[in-house]
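Visitor: Please guide me through this structure, one question at a time.

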Amino acid sequence: MAEYLLEVKNLKTCFELFRGTVKAVDGVDFTLKEGEILGIVGESGGGKSVTGFSLLGLIDLPGRISGGEVFFRGEDLLKKSEEEMRRIRGKEISMIFQDPMTSLNPLQTIGSQIDEMLALHTDLSSAERKQRILDLLTEVGIPNPADRINNYPHQFSGGMRQRVVIAIALAVNPRLIIADEPTTALDVTVQAQILKLMENLVHKFGSALILITHDLAVVSEMTHRVAVMYCGKIVEEGPTKDLIANPHHPYTKGLLESIPKMAGARTPRLPQISGMVPSLFDLPKGCSFAPRCSRATERCLQDVPEMRLLSPGRKAACYHPAGMAEEGEGHE
Amino acid sequence: MLKYLIKRIFQMIAVLFAVSLIVFFVMSFTGDPVLMIVPPTATDAQIAEARVALGLDQPLWVQYRVFLGNLLRGDLGVSYIFKRPALTLIVERMPATLELVFFSILISLAVALPCGVFAGAWPNNPLSRIIMGGSLLGISLPSFWLGILFIFYFAVEKGLLPSSGRGETATLFGIPFAFLTRDGFRHIILPAVTLAMGTLAMLIRLIRAQIMEVMRQDFIKFARAKGVSWKNLLFRHALKNALVPVVTVFGIQIGTLIAFATVTETIFAWPGMGKLLVDSINTSDRPIIVAYLMIVAAMFVFINFMVDIVYTLIDPRIDLR
């Protein structure tokens, strides 16, 4: 048995568009243990969602997975046929989408949408499935599940729908759940509830979770480890607490600094990362972040930095990492 | 729901009333029917007498009042030519037209649903391009020309299928139907295909566009992430979501088919209502024309009403009020 539940090696996904080829995911490596919660953070367009969809083989034309390996329980998912993948989707790896308003079929009752998952991947009888649906709805905190089972999605609020989506994702006890911005479309008041619910259920069901988000606050609350993505590459990775307390990559540092702080002295202006995310059609030659980076040197504009171990458990792809014991230690 | 039904029934009556007004007054401007009825040798006195006997000497609004009163009693007048009630004549011919329309609908759906869904799900597939090209032909070619072409090829050149008439009929619930006999079924194929062509082509294009739209939605991707197979994805998730506009157009198309059957029936000498209408126009048999228009209008209104009811069965979000 493999050491990791999921081991992604040099994953590459590109989109061949009329204007040129976009490398949305460009050589991503990460690993995930059973029951672990990994956060993938970054700005929009950084390749986070495409990474998630690539794991499930749900990349549609003109996109395609152009290279790499995705070992799930020791088997390479990228080598599997569509039919084999169909049996893995939902059963072994399930997904929670960003917008609960659009991820449920508007013309099917929520009961039948959960039932579909159970009917596809389990041998339960219809009476057993019904009981399981009721249990799941109770589990995700839907009041009066017996009454709600025949309701349609439009009869639920956004938060309630996301609970239903979570119930669907958990229905057959998958080993891994990929949650793509699960709270972005929800009211702030509901966000915390949904996150707490996900955290509890993932623990209870023993699933691993990949939480894709742009919200570092969300990540810091519930993940064990974080990978920061920028322009299709992972630029920094490490245990959540360490990484938040002491970011090495200037991009991570910038992201953290741009979160408004409620406590402490007010700064006259909220710090922000200057410049814009470069167009994926036209990435800079060296480090993608170099044009926006205050620490960039001539070398950053020429060579692409590789991920390297900076301290135990901490990796970053930067020639001039911040927050090291003494400045300048990063130079090899 | 009950409130909605009552409201709709009043609306339907209002529409039919308006239709009766238009039909009656337009028809009364189209020549003098008395001259069509009396023998060519009739004297002026005899013509005047016939005019009084038919009530055509009265002012128009009095004639309309009589017409409307009779209409409400189910009396649509007596054919000038056949000397029999117009309604009976049309009802006698109705099964032939309805069976023709029914088979056209069946053919349209059987071809348009799979073709439309396929072309919508894989728009870049070469087969989809062939389907779309074919549908463009189907829309563009007029049915009278297509019918003649079919007769020429299948009946004249190959001698495979009969080109005219209804063939043998067998009775079901006391109504004669052609499709129940082998001979009658062979007779129905060509006219039904001819009639279906336009509707079929249009439905393919509409279903394709709707499926393409639906396939982009998140819930389709979510269903795929659940491990749903392509077949279920297309027919259980996508098709139903694509259906509301399709049903609307389909409802209108059924009405159009009944009306367009006139042309097809004439080409294939199919003894339906449409052929009766064309014959009656040629002989200025006014009561039949009026009765035909009223009946087709009533069917149209009723079909559209049914379409609205069907919406609620498809989409739970649609609330009839």
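**Strands and helices**

Visitor: In the hairpin of β9(A) and β10(A), which residue takes a positive phi?
Guide: This is a predicted model, in which local features need pLDDT of at least 70 and side-chain atom pairs count only at pLDDT 80 or more, while totals for chains, interfaces and linings use all residues. Residues are numbered from 1 along each chain as its sequence is written, and chains are lettered from A and ligands numbered from 1 in the order in which they are written. Strands (E, at least two residues) and helices (H or I, at least four) are DSSP runs, numbered from the N terminus. The hairpin has two residues between its strands, and the positive phi, near 50 degrees, belongs to A:Cys231.

Visitor: How many bridges join β9(A) to β10(A)?
Guide: Two strands pair if DSSP finds at least two bridges between them. One bridge matches A:Arg225 with A:Pro239 in β10(A). Strands β9 (residues 225-230) and β10 of chain A run antiparallel, and the number of bridges joining them is six.

Visitor: Which residue of β12(A) stands opposite A:Glu236?
Guide: Strand β10(A) is joined by two bridges to β12 (residues 314-316) of chain A, and these strands run antiparallel. Opposite A:Glu236 in β12(A) stands A:Ala316.

Visitor: Why is β10(A) largely enclosed by the rest of the structure?
Guide: A residue is buried if 20 or more other C-beta atoms, placed from the backbone, lie within 10 Å of its own, exposed if 12 or fewer, and partly exposed in between. Strand β10(A), residues 233-239, is largely enclosed because, of its seven residues, the number buried is six.

Visitor: How are α8(B) and α10(B) oriented?
Guide: Axes are lines fitted to C-alpha atoms over the stretch in contact, with angles from 0 to 180 degrees between N-to-C directions. The axes of α8 (residues 182-215) and α10 (residues 230-267) of chain B come within 9 Å and cross at roughly 160 degrees. Angles under 35 degrees count as roughly parallel, over 145 as roughly antiparallel, 65 to 115 as roughly perpendicular and the rest as oblique. The crossing therefore makes α8(B), relative to α10(B), roughly antiparallel.

Visitor: Which element gives the largest share of the side of chain B that touches chain A?
Guide: Residues are in contact if their C-beta atoms, placed from the backbone, lie within 7 Å. The contact takes 19 residues from chain B and 24 residues from chain A. Two elements of chain B, α9 (218-225) and α10, give two or more residues to its side. The largest share, seven residues, comes from α9(B).

Notes. Contact = placed C-beta atoms within 7 Å.
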